[in-house]
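Dear colleague,

Please find below the structure that I am handing over to you. I should be grateful if you would look through it alongside the notes that come after it.

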Amino acid sequence: MEQAEDFRQETRALHGLVASLPPNAFEEPTQFKGWTIVDVIRHLHFWNRMAHFQLSDPDALVGHLKTMATRGIPMRAYEAEQLGHFSPAGLVAEWAAFAETTADLFATSDPKARLKWAGPDMSARSSVTARLMETWAHGQEVYDHAGVVRKNDNRVRNIVTLGVNTFGWTYATRGEKPPASMPNLVLTAPSGEIWTHGDPSETERIEGLAEEFCQVVTQTRNIADTNLKVTGPVATDWMSKAQCFAGAPNPPPAPGTRYTRKAATA
């Protein structure tokens, strides 16, 4: 399954950056709600484990979800309870190694297999695509904190597709009726290829870099901090609150609050 390999490669890319950081960087707050890099890696590793359980041990997955619900323990507190015994270096090593195992498992699974999850059941392909999206999205605060501009690959196409598929979800999670049709997307891939979605339109249209569209739908950038060209009231409204991930409605970051820091100089 292509998405499993894309998840593997995105994790390897992020690991390459994380492994190069000085020890003091791991406990510094990032621009994402003050999460530290330890918080980010712990979160990614915990939910990679839960995704692995979807295929390897569904009862274990259900058990963890029931424990969180029964105890009323917040997600991050439960992640820390489960994984807080790791040192930062140990956590990074465990996360990187287990992601390889998870990618291997999904690579040989039936893409259409229905799997249990915290919300509705999902396909194996959707599950590993979500792991790719989370790795890419949460990786952004690490790249930003480190002062590194990420060099993207065409595997972001998976996130573009997720953004397209969740057009209606952005509205549904807010209790709003989705517009009748999605704006036309004309996006430039990292390779220079042009990706299009939706019916051609000059009045409802979003144009620009695919990676910037991904930043908006994953809420790692405010639309005002991108160079996307947005035309039309529906396109403008969607980009003001786009949300490709599950859960309660989340507002995007305020303009100017998420950016790549200037790298520290020696």
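The notes below go from the overall fold to the salt bridges, and then to individual glutamates and one helix.

**Overall fold**

Please bear in mind that this is a predicted model. The protein chain is made up of ten helices and six strands. Its radius of gyration is 18 Å, which agrees with the value near 18 Å that a compact globule of 266 residues would have. The C-alpha trace spans about 55 × 50 × 35 Å along the principal axes.

Of the 266 residues in the protein chain, 49% are buried. Among contacts with a separation of 6 or more, 67% are between residues 24 or more positions apart. The surface that the protein chain exposes comes to about 12,200 Å², and carbon and sulfur atoms supply 55% of that area.

As for charge, the protein chain carries 26 positive and 30 negative side chains. The centres of these two sets lie 2 Å apart.

**Salt bridges**

How many salt bridges does a search of the whole structure find? The search gives 18. Three of them are described here, beginning with a pair in helix α1.

Glutamate 5 and arginine 8 form a salt bridge through their side chains, at 3.0 Å from N to O. Both residues belong to helix α1, which covers residues 2-18, and they are three residues apart, about one turn of the helix. Their surroundings can be stated separately: glutamate 5 is partly exposed, at a relative accessible area of 35%, whereas arginine 8 counts as buried because its relative accessibility is 10%, under the 20% cut-off.

The side chains of glutamate 100 and arginine 12 also meet in a salt bridge, here at 2.7 Å from N to O. This pair links distant parts of the chain, with glutamate 100 in helix α5 (residues 88-107) and arginine 12 in helix α1, 88 residues apart. Glutamate 100 is partly exposed, with a relative accessible area of 23%. Arginine 12 is likewise partly exposed, and its relative accessible area is 42%.

These two pairs do not stand alone: Glu5, Arg8, Arg12, Glu100 and Asp104 are linked in a network of salt bridges.

A further salt bridge joins the side chains of aspartate 237 and lysine 241, at 3.2 Å from N to O. Aspartate 237 is partly exposed, with a relative accessible area of 28%. Lysine 241, in contrast, is buried, with a relative accessible area of 12%.

**Three further glutamates**

Is glutamate 10 buried or exposed? Glutamate 10, found in helix α1, is buried, with a relative accessible area of 4%. Leaving aside residues up to four places away in sequence, glutamate 10 touches Leu132, Thr135, Trp136, Arg150 and Arg155.

Glutamate 2 is also placed in helix α1, but glutamate 2 is exposed, with a relative accessible area of 58%. From C-alpha to C-alpha, glutamate 2 and valine 148 are 27 Å apart in space, while 146 residues separate them in sequence.

Glutamate 81 lies in helix α4, which covers residues 75-83. This residue is partly exposed, with a relative accessible area of 41%. With residues up to four places away in sequence left out, glutamate 81 touches Arg71 and Ile73.

**Helix α9**

Why can helix α9 (residues 210-217) be called largely enclosed by the rest of the structure? Seven of its eight residues are buried, so the rest of the structure largely encloses the helix. The buried residues of α9 are Ala210, Glu212, Phe213, Cys214, Gln215, Val216 and Val217.

These buried residues pack against both helices and strands. The helices are α6 (124-146), α7 (157-165) and α10 (233-239). The strands are β3 (184-188), β4 (194-197) and β5 (205-209). After α9 comes glutamine 219, whose phi is positive, near 60°.

Yours sincerely

Methods
Residues are numbered from 1 along each chain as its sequence is written. This is a predicted model: local features need pLDDT of at least 70, side-chain atom pairs count only at pLDDT 80 or more; totals for chains, interfaces and linings use all residues. Side-chain values use heavy atoms; hydrogens and water are left out. Helices (H or I, at least four residues) and strands (E, at least two) are DSSP runs, numbered from the N terminus. The radius of gyration is taken over C-alpha atoms; the globule rule is 2.2 Å times the number of residues to the power 0.38. Buried means under 20% relative accessible area, exposed over 50%, partly exposed in between (1.4 Å probe, protein chains only). Contact means heavy atoms within 4.5 Å. Accessible areas come from the Shrake-Rupley method with a 1.4 Å probe; for residues, only the protein chains shown count as cover. Lys and Arg count as positive and Asp and Glu as negative; His and the chain ends are not counted. The place of a charge is taken as NZ of Lys, CZ of Arg, CG of Asp or CD of Glu. A salt bridge is a side-chain nitrogen of Lys or Arg within 4 Å of a carboxyl oxygen of Asp or Glu.
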